[in-house]
Amino acid sequence: MADTLVNVHNNKRSNENDVVEGRDAKKLMLWSGAVDAESDPAASFANARHEFGEHGGVNMSIEASATFTVMEPDTLRRMFAGELGPENDYFVYSRHFNPTVLNLSRQMAALEGTEAAYCTSSGMSAITAALLQLCSSGGHIVASSTLYGGTHALMSNFFPSKCNITTTFVEINDLDAVENAIVEGKTTVLYFESMANPSLKVANIPALARIGHKKGLTVVVDNTFSPMVLSPARLGADVVIHSVSKFISGGADIIAGAVCGPASLVNKMMDLHDGALMLTGPTMNAKVAFDLSERIPHLALRMKEHSHRALVFAQRLKKLGVKVLYPGLEEHPQHELLKSMGNKDYGFGGILCIDMGTVEKANKFMSYLQNYAQFGFMAVSLGYYETLMSCSGSSTSSEMSAEAQKLAGITPGLIRLSIGYIGTLEQKWGQLEKALIKFNEKH
Ligand SMILES: *Cc1c(COP(=O)(O)O)cnc(C)c1O
């Protein structure tokens, strides 16, 4: 037993002093290969280092350990002093870097074209940790008025009362309003969603990044609605956040998040003395990280099909006289903008909204879609292989006041549909049409 342990250590760590000498060079290695000149996220992902399993397995091993052992007592001290770290294969404790979570994080960084990334236990914890790292008490955020309900509540309720961090919400594509809301010496973050939940308003990422950088802010973009479709960091943003629970997972079985950004920010978030991730501790489990790493390789294929079906359904619904909101339709106010920013061949995203006028009509139509036509499920969340539908005003955005909802473009009869790819397109369209015919008979 003891011999085995010694052999493992000897194989992996020939000489701890050598490691220390090479430390500065190796520190860079921790995130090397992440930033890639490729503009297509799938190409950049394929260029990233492939992690093999411990025994030559085609898949990475799962490092299911909370803690890590060392040969010499002094090594622990040196790890805590920052002399030895994950860059030279020294791990302390899995609330700090875990090798499997780190591998998944490198995949996320490759996908988003950032220097580094780290994954967390939820999208909300990724948002919270990133913002707490970037803002101090007394600080200020300028954010889009159309945001995920939880993020809006975090900024309008939790941050001001618990952390003395305030937010000014602005119409994000009104560039003058954005610039005017920035308070010099106080504002440190410009925050928005690349494609907003649920209004599908698309932000002008390059223009907003220019304004943010001119004023010295960190530009943070939630890209949950449009992985592969949009690459905010390649368009100028500094930090890209994901709720990995949605399209990236694709299974509606995992809650997870990611912060993708500069290595300096990710390393700071992991600092043992004042890092927001290390100290608040929203850690991803290594087994979850492994599961997710098996899904990212087919994210590109899934996004193409989500987008293709959403576009076809949006076009056909529009023809039938339904009020449809979808950035792939020419009349969508940011259709041209999205075309100019979007990655080639990924379409316009997998979410579309229809406005049924009133919440009663929206509820009636959703119940026909689910219980009469078997088109999809009434549920919050998105990115699943089945279609999920919810009435945003009374569910995922209900944290927002009526006034805030109006500003965010959320009408009471708005149904958000996350278009799935199960079955054939014509089979699913037939079901959608069947529910619509029944609805029109009754109304
Ligand atoms: C769901 C969602 C979140 C929150 O993510 P969780 O994984 O549920 O914590 C944040 N932003 C957007 C845009 C979302 O859709």
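L200 is buried in this predicted model, as 26 other C-beta atoms lie within 10 Å. Here a residue counts as buried if 20 or more other C-beta atoms lie within 10 Å of its own, as exposed if 12 or fewer do, and as partly exposed in between, with C-beta atoms placed from the backbone. L200 sits in the loop between β4 and α10; helices (H or I, at least four residues) and strands (E, at least two) are DSSP runs, numbered from the N terminus. The backbone does something a bit unusual-looking here: phi of L200 is near 60 degrees, a positive value in a residue other than glycine. The loop that holds P198 runs between β4 (187-193) and α10 (205-214), and the peptide bond from N197 to P198 is cis, with omega near -5 degrees.

As for the ground rules, residues are numbered from 1 along each chain as its sequence is written. Because the model is predicted, local features need pLDDT of at least 70 and side-chain atom pairs count only at pLDDT 80 or more, while totals for chains, interfaces and linings use all residues. The average pLDDT (the predictor's confidence in each residue, from 0 to 100) is 91 for the chain, and 92% of the residues score at least 70. Residues 1-28 are the weak spot, with pLDDT below 50. Beyond near neighbours in sequence, that stretch has twelve contacts in the model, two residues being in contact if their C-beta atoms, placed from the backbone, lie within 7 Å.

P198 also leads to a distant part of the chain: its C-alpha atom is 8.7 Å from that of L352, although the two residues are 154 apart along the chain. L352 belongs to strand β9 (residues 351-355) and counts as buried because it has 25 C-beta neighbours inside 10 Å. Setting aside neighbours within four places in sequence, the contacts of L352 are A310, F313, A314, V324, L325, Y326, L417 and I419.

Next comes the sheet. Seven strands make up an open sheet with mixed pairing, in the order β1-β7-β6-β5-β4-β2-β3; strands pair if DSSP finds at least two bridges between them. The edges are taken by β1 and β3 (166-170), each with a single partner strand, so one side of each has no neighbour in the sheet. On average, neighbouring strands of this sheet are turned by 20 degrees against each other, direction ignored. For such angles, axes are lines fitted to C-alpha atoms, for helices over the stretch in contact, and values run from 0 to 180 degrees between N-to-C directions.

Going along the sheet from β1, five bridges join this strand (residues 116-120) to the antiparallel strand β7 (residues 257-261), with T120 standing opposite G257. The next pairing, β7 with β6, is also antiparallel and has four bridges; here V259 in β7 is the bridge partner of I241. I241 also has D222 as a bridge partner. Strands β5 (residues 218-222) and β6 (residues 239-243) pair in the parallel sense over three bridges.

In a regular strand the side chains alternate between the two faces of the sheet. Strand β1 is covered on both: A116, Y118 and T120 are buried on one side, A117 and C119 on the other. Strand β7 is likewise largely enclosed by the rest of the structure, since five of its five residues are buried. One side of β7 carries G257, V259 and G261, and the other A258 and C260. Helix α6 (residues 99-112) lies across β1, β6 and β7, at about 125 degrees to β1.

The loop between β6 and β7 holds A252, where phi is near 50 degrees, again a positive value in a residue other than glycine. A252 is partly exposed, because 18 other C-beta atoms lie within 10 Å.

Finally, the ligand is surrounded by 16 residues, and the closest are S122, G123, Y148, S243 and S245. A residue is near the molecule if its C-beta atom, placed from the backbone, lies within 6 Å of it. Two or more residues of this shell come from each of α7 (123-134) and α8 (149-163). By type, the shell splits into four nonpolar, nine polar and three charged residues. In this scheme Ala, Val, Leu, Ile, Met, Phe, Trp, Tyr, Cys and Pro count as nonpolar, Asp, Glu, Lys and Arg as charged, and the others, Gly among them, as polar.
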